[in-house]
Amino acid sequence: MDVSFAAVRNDDRKLVRTLKFEGNREISNGMLKTVTRTQTNREIFGIPGATLWRSLNAISSRLGEPPRYLDREMVGRDIERLKAFYHANGFFYTEVDTSITEFSPGRVRVTFHITEGPPSFIRSIAYSGFPDFLDERIKTRFFSRSQLARSQINDTTFQVNRQYSVERISDERNRVINTLRRNGYASVARDSIRVFVVKDRVDSLQLDLMMHIRPGQVHYFGDVNIILQSPDLNDDVVSADTLRGEPWTQEPFEIRIAIEEGARTSPKLLQQRILFKPGEVFNNDLYLATVNQFQSLEMLSLQQFSLTESGGLPDFSQRHLPVYFSLQALPRHQIRSDLFLLQRLGLGAGAGVRYTNNNVFRNAQRFELGLNGSFEYITGARTTLGEQRVLRNLEASASYTLPFFAFPFTSFNGNPSFLNPQTQFQFSVSQINQINFDINANFRFKMAFEANHSRTTKSFLDLIELEWYDAAATPEFIQNIRENITDSLLVQRILEDFRPQFSSTLGYTFRNSATNFIKRDFGFYFEGSLELGGSIPYLIERFAIGRDSLQSTIPSFGRSGRELSYSQFVKGSLDYRRYHPIGNRSVFAWRAYGGWAYPFGQNPVIPLNRRFFAGGAGDIRGWNPLRLGPGDVPQSEITINGGDIKLAGFLEFRHLFTENFLSTDWIISVFTDFGNIWYGPRSQFSEGKFEFSEFYKQIAVGSGIGLRLDWNFVVFRFDLAYRMHDLGNEPGTNWWNRSILHFGIGHAF
């Protein structure tokens, strides 16, 4: 913050204690405070006089924030800033005045008196100089997607009838620029488009806009030049390759690729990342997408890209623009180790080591080997089974990733609608301990594809996911269900949940995200997924084994006398998150989640590892992980873990209350989470089943406060949550037992 004391003597300094705005109806106080440079010292939770950070600064100038003294020159400049801000939003007749009142010795109140006046409206907009394209659909699409142009008056003029806003006009200018740049007009810039505003002679609040466009000439891609340097900067052995003619270029243009020997890379890999053809009409979107294609290769770094060899401004007097890429290969081998703390049901720690070869066969294929292990110590009070346990998790994994689509999607390689394509083969084996059951062995194989469709959208396809796992209920859990359930057939059905199982899954996920994944302080996040499970074992039993009546089991692999059960199911989920900035220091975030899984076929139970669970630091806070639901069934009576249906909502307000204190930003939050899981319609249990007439009564609610330590590259989170509506809580339980301290890495959502 710029604070000048040049015009104020030390003995005349007065503290700005209160900042007020009067007369503003259309624009909020919070928004206006972001405009003025005159500010007050921050207060804790808005409590008058609770200026902790100013007090810390009095102790040491490195702590807190300095006192916000009155600067009359700055107040005068703030008047002009406020007028300019109102003018930018269509209030051309706004007047701003100020008064400064000393209500106690050394403390003043600064009040800005605002007379907003009526807003002005854009009546129409006309486009002059917009070029005619060979494809008329380009022009039609441009006007149909305009936020300004509405009903058409003639070929180039449209009705608008929206309030004047500089931001809206700027967005429209950018749309024009982007449209022209992706259709050959490479030289167009902001100063190529001039906007004239004309007031109506009778009604000065009605405005007509004229957007005058000077697009320049159409440009084409020229020669493409790529150089890939070795990780060893002293490597001077270079192999060169030149591609000319179809299918790579239009005559007489070339793609020239130079690779230093130590880079160990095939020229074909680099050529395949180019999404345009030299000689074609210039398309800035394809040019930038090609840049992103190179950046996505984890075996190299992009040093420079430009339309000139020197990296300077292009020579737009030439119709064909050459393209230059300077790349550097990264070291092939990498070993990384991690140590971490975790908190789920108790406290624990873990470690992992991972080896990566990022260019196995000269085409950016990546091979990884990983080993991870963790333990967590919990007490009997957390288990509800009256003893202490140490939960362990061991996992070994191997993966092989290709920077392109493998069969059966090879035809999509090089398609601009599928950017940064990847194919991954992954195998893992793990052993996991949980409260009520242990997974003695879990073998998993997956063949997956992923690609970007645009800057914000991405698709994931798990074409084949096979999983075999051997789960076993703990002796305490078996004893618990036998003591509480008298129906022996039902006991047997519950224990079937822990027999060895084999599952297959075909899954698709679509993600649209426009937010900072670390900060999560603006924009949105959407993810939708759909899974179809059990198809492969069903086909094995139906056609390979050829049983007359299906039993939802197949022979085990190498295990005599026992068969593997499977379940056919369909599962879907929707996850939407929104982040609303409030001023420049606060964010209101919310999240809505819904999931549904339905088993069909002979087996009415969803596989254990495909069910929905609730509770934990990254879910509904106030409950331990996996310990909420189904419905209002007490945890001591739960016999089938997880549920088939999940509904959840999350609200959180975050406020940055001090910056760069102990080298980090400190954020305080207030949150409320609510939701639950339920058994589905095919469940054999009446308790915990989803019923439209009852489910809203079984919504658990947890609220609390939290602290975030933001280091820009990572966020540490501490949340103290209290169960406001605890479905399984016994009357008279101490309130402290209804609260849980969560901690984690990153924001909860």
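## Reading salt bridges, sheets and surface

Q: How many salt bridges does a search of the whole structure find?
A: Start with the idea. Side chains of opposite charge can pair when their charged atoms come close. Here, a search of the whole structure finds 34 salt bridges. Keep in mind that this is a predicted model.

Q: Let me try one pair. Which residue forms a salt bridge with Arg444?
A: Glu465 does. Their closest N and O atoms are 2.7 Å apart. That fits the cut-off, which asks for a side-chain nitrogen of Lys or Arg within 4 Å of a carboxyl oxygen of Asp or Glu.

Q: Where do Arg444 and Glu465 lie in the chain?
A: Arg444 belongs to strand β18, residues 437-452, and Glu465 to strand β19, residues 457-473. The pair therefore ties together parts that are 21 residues apart in sequence.

Q: Is Glu465 buried or exposed?
A: Use the cut-offs. Buried means under 20% relative accessible area, exposed means over 50%, and partly exposed is in between. Glu465 has 4%, so Glu465 is buried. Its partner Arg444 has 26%, so Arg444 counts as partly exposed.

Q: Which side chain meets Arg621 in a salt bridge?
A: That of Asp719, at 3.1 Å from N to O. Arg621 sits in the loop between β25 (586-600) and β26, while Asp719 is in strand β29, so this pair ties together parts that are 98 residues apart in sequence. Arg621 has a relative accessible area of 0%, so Arg621 is buried. Asp719 also comes out as buried, at 0%.

Q: What other side chain meets that of Asp719 in a salt bridge?
A: Arg717, again at 3.1 Å from N to O. Arg717 is buried, with a relative accessible area of 4%. Now follow the shared partners. They join Arg621, Glu652, Arg654, Asp673, Arg708, Arg717 and Asp719 into one network.

Q: Next, sheets. In what order do β1, β2 and β3 stand?
A: Read the order from strand to neighbouring strand. Here it is β1-β3-β2, in an open sheet with mixed pairing. β1 (15-22) and β2 (95-104) are at the edges, each with a single partner strand, so one side of each has no neighbour in the sheet. On average, neighbouring strands of this sheet are turned by 20° against each other, direction ignored.

Q: In which sense do β1 and β3 pair?
A: Parallel. Seven bridges join β1 to strand β3, residues 107-115. To find one place along this sheet, look at Lys20, which stands opposite Thr111 in β3.

Q: Which helix lies across β1, β2 and β3?
A: Helix α3, residues 72-88. Its direction is at about 145° to β2.

Q: How many bridges join β19 and β20?
A: There are 11, and the two strands pair in the antiparallel sense. Strand β20 covers residues 501-514. Take one position: Phe460 has Thr509 in β20 as its bridge partner. Then move on to strand β21, residues 523-533, which runs antiparallel to β20 and is joined to it by 10 bridges. There, Asn512 has Phe526 in β21 as its bridge partner.

Q: What is worth knowing about side chains along a strand?
A: In a regular strand the side chains alternate between the two faces of the sheet.

Q: Now the surface. Which residues make the nonpolar patch?
A: Ile582, Phe588, Leu651, Phe653, Val670, Phe674, Ile705, Phe716, Phe718, Leu720, Leu741 and Ile745 make it, over about 1,000 Å². Elements that give two or more residues are β26 (645-661), β27 (664-678), β29 (715-725) and β30 (739-745).

Q: Which element gives the most to the nonpolar patch?
A: β29, with three residues. For one member elsewhere, take Phe674, placed in strand β27. Phe674 has 31% relative accessibility, so Phe674 counts as partly exposed.

Q: Finally, the whole protein. How many helices and strands are there?
A: 11 helices and 30 strands. The C-alpha atoms fill a box of roughly 90 × 80 × 60 Å along the principal axes. Of the 749 residues, 46% are buried. The exposed area is about 37,500 Å², and carbon and sulfur atoms supply 54% of it.

Q: What share of the contacts joins residues 24 or more positions apart?
A: Among contacts with a separation of 6 or more, such residues account for 63%.

Key
Residues are numbered from 1 along each chain as its sequence is written. This is a predicted model: local features need pLDDT of at least 70, side-chain atom pairs count only at pLDDT 80 or more; totals for chains, interfaces and linings use all residues. Side-chain values use heavy atoms; hydrogens and water are left out. Patches are made of residues with over 30% relative accessible area and no salt bridge: like charges are joined within 9 Å, nonpolar side chains (Val, Leu, Ile, Met, Phe, Trp, Tyr) within 5 Å. Accessible areas come from the Shrake-Rupley method with a 1.4 Å probe; for residues, only the protein chains shown count as cover. Helices (H or I, at least four residues) and strands (E, at least two) are DSSP runs, numbered from the N terminus. Buried means under 20% relative accessible area, exposed over 50%, partly exposed in between (1.4 Å probe, protein chains only). Two strands pair if DSSP finds at least two bridges between them. Axes are lines fitted to C-alpha atoms, for helices over the stretch in contact, and angles run from 0 to 180 degrees between N-to-C directions. Contact means heavy atoms within 4.5 Å.
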